[in-house]
Amino acid sequence: MLSSLDLHFFYAVATSNSLSAAAKKLNVTPPTVTQRLQTLEAKLSLKLVERDFRRSKLTTSGKKLASRCKLILDEIDLLTDELKEDQTSLAGKLTVLAPLGFGEKYIASIIGDFSIKYPNLKIKLLLSDHPDKASSPEADIIIYIGELKDSSMRRVVLAKNRRLVCASPSYLESTNKIESPELLSNHKCIALVENNEDTMQWSFKHKTSGNISNIRIKPSLVCNVADAVKLWALKDLGIIHRSEWDVRQEIESGRLQEILTDYKLPDADVVALLNDSEKDRPRRVNMFINYLKSSLKEL
């Protein structure tokens, strides 16, 4: 009979590219992983993983077991939480995947405060410029900002967030006034590449007429890190298209200036993507979601 330890072990193997990677995740040696996998396969009389030195591939039986592991482990964790008499305590593991810039600026600090409040909880924060389930299947919560084209995951809005275009006062003083989006073709624009979005097309909706302008920029500078893009704008190198949370301080201090204020850009709410409905999620996940909402309400 399979034990919860077997399930934890095999889930680590199933979500790793190789047995060596699984060994690092489990903090054991590769031979230990190989031996334990052989023991598990012998227990089930099934081949679970086709393996070589560099990569491992799940068999049909292995895929079936992997698909059920997370569900069973989450159910065990949920039951454990419900049985705890002390409702102020949380235990277990929580994995959060967040965008690189937003994660560094906000989520890391929030998780730090949450861990102080619940010291028995083990939290892993993964930061990526392309946060999605495929790259980090172990994530309990994916924090996402921007256009969500297709997702089977449940979506919880954590904070409202608008996008805007801005540049340094020195850059704007050195050029003609930008009164319409179409004039951006005559200017230096700076692009941030993230989330596999088409970040070279900027969409504007006039607040009064409702007219839509889709402008494809030809950026003079491109980067996948938000801080670099903002730095270039502060150095008077061009116009950027950013979330308000990222440039609010610079706009309030006058170091950057919002332009095209008669137009509205598509909102980019900060959302949490989750696998299950609220009633089916472990209590630690729901409590962290509520903590995020509270912490981000002044965003």
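This passage describes the empty spaces in a predicted model and the surroundings of one buried residue, Asn161.

The model is predicted, so local features need pLDDT of at least 70 and side-chain atom pairs count only at pLDDT 80 or more, while totals for chains, interfaces and linings use all residues. Residues are numbered from 1 along each chain as its sequence is written, and side-chain values use heavy atoms, with hydrogens and water left out.

Rolling a probe the size of a water molecule over the atoms shows where empty space is left. On a 1 Å grid over the protein atoms alone, a pocket is an open set of points with protein on both sides within 12 Å along at least five of seven lines, a cavity is a set where a 1.4 Å probe fits but cannot get out, and lining residues have an atom within 4 Å of a point. Points are joined across faces, edges and corners, and a volume is the space filled by probe spheres set on them.

The largest pocket has a volume of about 650 Å³. It is lined by 23 residues, of which His8, Tyr11, Lys93, Thr95 and Glu138 are the closest to its centre. Helix 4 (60-83) is among the elements that supply at least two lining residues each, and with six residues it gives the most (helices are DSSP runs of H or I with at least four residues, strands runs of E with at least two, numbered from the N terminus). The lining comprises seven nonpolar, five polar and eleven charged residues (Ala, Val, Leu, Ile, Met, Phe, Trp, Tyr, Cys and Pro count as nonpolar, Asp, Glu, Lys and Arg as charged, and the others, Gly among them, as polar).

Two cavities of 30 Å³ or more are present. For the largest cavity the volume is about 210 Å³; among its 21 lining residues, Pro99, Leu100, Gly101, Glu194 and Ala226 lie closest to the centre. Helix 5 contributes the most to this lining, with four residues. The second largest cavity, of about 60 Å³, is lined by residues including Lys70, Asp74, Asp140 and Arg281. Five residues of that lining are charged, three nonpolar and one polar.

Asn161 is in the loop between strand 6 (154-159) and strand 7 (163-167). Asn161 counts as buried because its relative accessibility is 5% (buried is under 20% relative accessible area, exposed over 50%, partly exposed in between, with a 1.4 Å probe and protein chains only). Its side chain reaches the backbone nitrogen of Glu244 at 3.5 Å. Residues touched by Asn161, not counting those up to four places away in sequence, include Ile145, Trp245 and Asp267 (contact means heavy atoms within 4.5 Å).

Methods. Polar contact = N/O pair within 3.5 Å; in protein donor to acceptor, adjacent residues only side chain to side chain.
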